[in-house]
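Q: I would like to learn how to read the features of a model such as this one. Please begin with the ligand.

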Amino acid sequence: MTTTINPADLQPNEFYRYVIGSIAPRPIAFASTIDAAGNVNLSPFSFFNVFGYNPHTLVFSPSINRHGHKKHTLLNLEEVGEVVINVVNYAMVEQMSLTSAEFERGVNEFEKSGFTALPSERVRPPRVAESPATYECMVRQIIPTGASTSGNKPGAGTLVICDVVLAHFHQNIFDTNGVIDPHKIDLIGRMGGDWYSRTSGDAAFQVARPQAGIGVDKIPHSIRNSVILSGNDLGKLGSFPVLPTADETAEFRQSGILNELFDEAQYGCQYLPDLLHLRAKQYLAENRVREAWLTLLQTQV
Ligand SMILES: Cc1cc2nc3c(=O)[nH]c(=O)nc-3n(C[C@H](O)[C@H](O)[C@H](O)COP(=O)(O)O)c2cc1C
């Protein structure tokens with residue numbers, strides 16, 4: 001069963017609930033800006049992502065607020081086209097949330113939230129000392145997505161396209177190979193309603209980079225339609241570059257590694273393809289895709 005919705009049939013704020021609940025988790029740009037008089041502002045934006053890395057391009061979007069007004073961040077950027085985008089980790093979530101309250105223009109949310117402002121090197125707005133990764137950016141372009149002659153429409157976005165000019169990283173977020181470790185950086189994401197996600201611990205997992213494999217379309221039907229193998233299992237099988245040959249499959253059988261399954265099928269009246277699919281599933285869980293294929297192909301020879 002599927003619910004199909006034409007956004008034109010709902011109020012923008014009604015359809016928005018579906019969007020923010022389903023396009024998630026979203027990273028959070030904790031944006032530090034400054035107005036022409038030097039007043040500092042700090043606010044979170046989860047309409048945010050990386051859009052290129054040559055040049056390094058970050059984009060976030062302050063929406064027109066429910067009163068039809070531009071947010072202070074955007075007003076500041078129109079005066080001073082410089083911003084620090086600070087990432088947000090779990091340790092920062094409550095203070096970050098506090099900065100999103102509707103404070104008067106000119107109120108410094110560093111002070112309201114208790115975050116520590118560190119001077120930036122290449123831009124005027126300060127950066128957040130507690131943030132594990134901070135990006136000093138020059139604003140390249142500001143593009144309103146809902147421009148209208150009748151004024152600003154609440155909810156209309158404004159793409160703020162930023163070039164990264166300098167970045168700072170806490171040293172304790174790296175693993176021994178110098179790669180950022182998701183468990184150490186412990187980032188959070190914004191979801192629908194009041195929900196956030198935390199991207200460390202069991203929530204973080206790895207997926208091996210695929211090769212241009214055989215594709216799920218080339219998996220024999222009896223394997224592809226297995227009730228035991230999941231879509232993720234099929235994805236791993238489809239990423240495998242070349243199917244093992246009949247000789248390799250026979251050799252695997254002769255190695256004796258599957259003997260107990262064949263015995264169980266013969267003497268325990270079990271259905272052999274199910275036993276082989278279950279064993280293949282175990283191999284796939286351990287990313288032993290070749291062995292999974294060699295197991296599955298036993299019924300094909
Ligand atoms: C986690 C989080 C993400 C948010 N993302 C956005 C967003 O992408 N766009 C937006 O306009 N407001 C977003 N908000 C709301 C703004 O942070 C809020 O309107 C804030 O008061 C704007 O501050 P300013 O007027 O000082 O710029 C978000 C709030 C939170 C807590």
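Q: How many residues of each class does the shell around the ligand have?
A: The classes are nonpolar (Ala, Val, Leu, Ile, Met, Phe, Trp, Tyr, Cys and Pro), charged (Asp, Glu, Lys and Arg) and polar (the others, Gly among them). Here the shell around the ligand has nine polar, five nonpolar and three charged residues. The model is predicted: local features need pLDDT of at least 70, side-chain atom pairs count only at pLDDT 80 or more, and totals for chains, interfaces and linings use all residues. Residues are numbered from 1 along each chain as its sequence is written.

Q: Which residues come nearest to the ligand?
A: A residue is near a molecule or strand if its C-beta atom, placed from the backbone, lies within 6 Å of it. Of the 17 residues around the ligand, the nearest are Ser43, Phe47, Lys71, His72 and Thr73.

Q: Which elements each supply at least two residues of that shell?
A: Elements are DSSP runs numbered from the N terminus, helices being H or I of at least four residues and strands E of at least two. Strand E2 (40–45) and helix H2 (72–79) each do so. E2 gives the largest share, four residues.

Q: What is the strand order of the open sheet of seven strands?
A: Strands of a sheet pair through backbone hydrogen bonds, either parallel or antiparallel. Two strands count as paired if DSSP finds at least two bridges between them. In this sheet the order is E2-E1-E5-E8-E9-E4-E3, and the pairing is antiparallel. E2 and strand E3 (48–53) are at the edges with a single partner strand each, so one side of each has no neighbour in the sheet. From one strand to the next, the twist averages 30 degrees.

Q: How many bridges join E8 and strand E9 (residues 158–169)?
A: This antiparallel pair has 11 bridges, and Val139 stands opposite Cys162 in E9. Strand E5 (residues 82–86) is joined to strand E8 (residues 133–144) by five bridges, also antiparallel, with Asn86 opposite Thr134 in E8. Five bridges likewise link E3 with strand E4 (residues 56–60) in the antiparallel sense, where Phe48 faces Phe60 in E4.

Q: Which strands does H2 lie across?
A: Axes are lines fitted to C-alpha atoms, for helices over the stretch in contact, and angles run from 0 to 180 degrees between N-to-C directions. Contact means that the C-beta atoms of two residues, placed from the backbone, lie within 7 Å. H2 lies across strand E1 (29–34), E2, E5, E8 and E9, and runs at about 50 degrees to E1.

Q: Where are the cis peptide bonds of Pro25 and Pro55?
A: Pro25 is in the loop between helix H1 (12–22) and E1; its cis bond to Ala24 has omega of about -5 degrees. Pro55 lies in the loop between E3 and E4, and the cis bond from Asn54 to Pro55 has omega near 10 degrees.

Q: What is phi of Asp186 and of Asn287?
A: For Asp186, phi is near 55 degrees, a positive value in a residue other than glycine. Asp186 sits in the loop between helix H5 (182–185) and strand E10 (188–190). For Asn287, also other than glycine, phi is positive, near 60 degrees; the loop is that between helix H10 (272–285) and helix H11 (289–296).

Q: Is Asn287 buried or exposed?
A: A residue is buried if 20 or more other C-beta atoms, placed from the backbone, lie within 10 Å of its own, exposed if 12 or fewer, and partly exposed in between. Asn287 has 12 such atoms, so Asn287 is exposed.
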